[in-house]
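Subject: Structure handover

Hello,

Here is the structure I said I would pass on. My notes on it follow below.

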Amino acid sequence: MNISNHIRYVGVQDRTKHRFEGQWLLPHGISYNAYLVDGGTEIALIDTVEADFFDVFLEKVRAELGDRKIDYLVINHMEPDHSGSIALVRKYFPGIRFVGNKKTFQMVEGFYGVSTADDVEVKEGDELRVGDITLRFHLVPMLHWPETMVTYLVDEEALFSGDAFGCFGALNGAVVDTQMDVEPYFPEMERYYAAILGKYASPVQQALKKLAAQPMKAICSTHGPVWTANIPRVIETYRRLSAGETEEGVVVCYGSMYGNSQRVAEAVAEGVAEAGVRKIIVHNLSVSQPSFVLRDVFRYRGLAVGGPTYNGGLFPVVDDLLKRLAGREVSKHKLAIFGGYTWGGQAVKLIRQYNEAMKMDEVAFGADNLSALEWKQGACADVLAQARELGRALGQAVKG
Ligand code: FEO
């Protein structure tokens, strides 16, 4: 499948896996993109695919190659959704030379034990001639692992970007953005960023700065469409998310056993609406899946979070969300806290502890400038009135 004069698409579509990395739901599947770069007398393969798909991948590669051999396998990223087939590639294409950096080869050895003395170790800015064309390598550590690099095809100003600029969602026929409706991929790009890269805002920003110097006619990511006409929008999406820029809006996240915390959450949302905020999303954390919640939190400026004390700790689904947020860059948010208990209150205190890592700005509310809403046992009318007040304060804080 031709992407350009020198680039052929040999990626595969995964429509069967329920959860990427064993945890993130895939309602629209995911692609593992790999590319052949044809330099005339020599050929490089850029990345591979998950091992389960090796047979389809091999068929595609052979359809493109005929009886030609592959000279190089460029390993941009060692996470097994891309590196899973490298041992098989070495077996099926003897003589192939792997191209990676020092950390890549430590992982090639550790995961698969298949590095050889003929492999090519590269450093930042190194170039490799592949027949008539030139590949240049840029190290982008922590985007998404420490060994990660990107590869630039100088002759076509095309960037093989690894996970960067990727998204969830399998490809449905077309590969290049100009040949498809790209709109469904953008929410999935935000969900992908929040789930996979949300911890690495600073490395993403550094990589964006480094790559800004390169003219780019195509971005060939390992997940999702090949970007051409949409490059400015894609880069802006990653820039905005990694800069922590948010829209006016509030996400209310709660866990509830018997409905008291749910009634408080609903009242908080009512208060946010009374403040004039129009974009409000309420997530029952026992029902909503984490990656969708994270995507919404990354998108909107306000977060209200709460639930009951449970076994002397936080209600598990609330604890799970906060643990995930504490490991991500979300410090520019406004936070409203609520928590109930029956005989010993811990929820509010524990949410605050998580916020030491999240570093969100906690909103105060009411005449007494309360910093959180805490109640004992039932969510009575007085508690619900306070919850609306908390919501109004959060709504005001996120406006503008
Ligand atoms: Fe698509 Fe970090 O692997």
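Strand 20 (residues 334-341) and strand 22 run parallel to each other and are paired over four bridges. Please keep in mind while reading that this is a predicted model. In that pair, glycine 339 sits opposite glutamate 374 of strand 22. Strand 22 covers residues 373-376 and has two unlike faces: Leu373 and Trp375 are on the covered one, while Glu374 and Lys376 are on the uncovered one. The residue facing glycine 339 therefore belongs to the uncovered face of strand 22.

Overall picture

The chain contains 12 helices and 22 strands. Of its 400 residues, 58% are buried. Along the principal axes, the C-alpha atoms occupy a box of roughly 80 × 40 × 35 Å.

The five-stranded sheet

One sheet is open and made of five strands, in the order 11-12-13-14-15, with mixed pairing. Its edges are strand 11 (127-130) and strand 15 (218-221); each has a single partner strand, so one side of each has no neighbour in the sheet. On average, and with direction ignored, neighbouring strands here are turned by 25 degrees against each other.

Within this sheet, strand 12 (residues 133-139) and strand 13 (residues 149-153) are antiparallel and share five bridges. Leucine 139 is placed opposite methionine 149 of strand 13.

Salt bridges

How many salt bridges does the structure hold? The count is 23. I looked at several of them.

- Glutamate 127 and arginine 136 form one, with their closest N and O atoms 3.3 Å apart. Glutamate 127 is partly exposed at 49% relative accessible area, whereas arginine 136 is buried at 18%. This bridge ties in with the sheet above, since residue 127 falls in edge strand 11 (127-130) and residue 136 falls in strand 12 (residues 133-139).
- Aspartate 71 and lysine 69 meet through their side chains at 2.5 Å, N to O. Aspartate 71 counts as buried, with 10% relative accessibility, but lysine 69 is exposed, with a relative accessible area of 56%.
- Glutamate 188 and arginine 191 form another, with 2.8 Å between the closest N and O atoms. Both residues belong to helix 5 (residues 185-197) and are three residues apart, about one turn of the helix. Here both partners are buried: glutamate 188 has 5% relative accessibility, and arginine 191 has a relative accessible area of 0%.
- Asp14, Lys17 and Glu50 are joined in a network of salt bridges.

Cysteines

The whole structure was searched for disulfides, and zero were found. Cysteine 220 is in none; the nearest cysteine sulfur belongs to cysteine 167 and lies 13 Å away. A disulfide needs the two sulfur atoms within 2.5 Å, so a separation of 13 Å rules that pair out.

Is cysteine 220 buried or exposed? Cysteine 220 is buried, because its relative accessible area is 1% and the limit for buried is under 20%. Cysteine 380 has 40% relative accessibility and counts as partly exposed.

A nonpolar surface patch

Met257, Tyr258 and Tyr310 make up a nonpolar patch of about 370 Å² on the surface. Where does methionine 257 lie? Methionine 257 is in the loop between strand 16 (247-254) and helix 8 (260-274). With 38% relative accessibility, methionine 257 is classed as partly exposed.

Arginine 19

One more residue from my notes is arginine 19, which lies in strand 3 (residues 19-20). Arginine 19 is partly exposed, at 35% relative accessibility. Its C-alpha atom is 9.1 Å from that of glycine 29, and the two residues are 10 apart along the chain.

Where to look first

For a first look, I suggest the sheet with order 11-12-13-14-15 and the salt bridge of glutamate 127 and arginine 136. After that, helix 5 with its pair of glutamate 188 and arginine 191 can be viewed, followed by the patch of Met257, Tyr258 and Tyr310.

Regards

Definitions and conventions
Residues are numbered from 1 along each chain as its sequence is written. This is a predicted model: local features need pLDDT of at least 70, side-chain atom pairs count only at pLDDT 80 or more; totals for chains, interfaces and linings use all residues. Side-chain values use heavy atoms; hydrogens and water are left out. Buried means under 20% relative accessible area, exposed over 50%, partly exposed in between (1.4 Å probe, protein chains only). Two strands pair if DSSP finds at least two bridges between them. Axes are lines fitted to C-alpha atoms, for helices over the stretch in contact, and angles run from 0 to 180 degrees between N-to-C directions. Patches are made of residues with over 30% relative accessible area and no salt bridge: like charges are joined within 9 Å, nonpolar side chains (Val, Leu, Ile, Met, Phe, Trp, Tyr) within 5 Å. Accessible areas come from the Shrake-Rupley method with a 1.4 Å probe; for residues, only the protein chains shown count as cover. A salt bridge is a side-chain nitrogen of Lys or Arg within 4 Å of a carboxyl oxygen of Asp or Glu.
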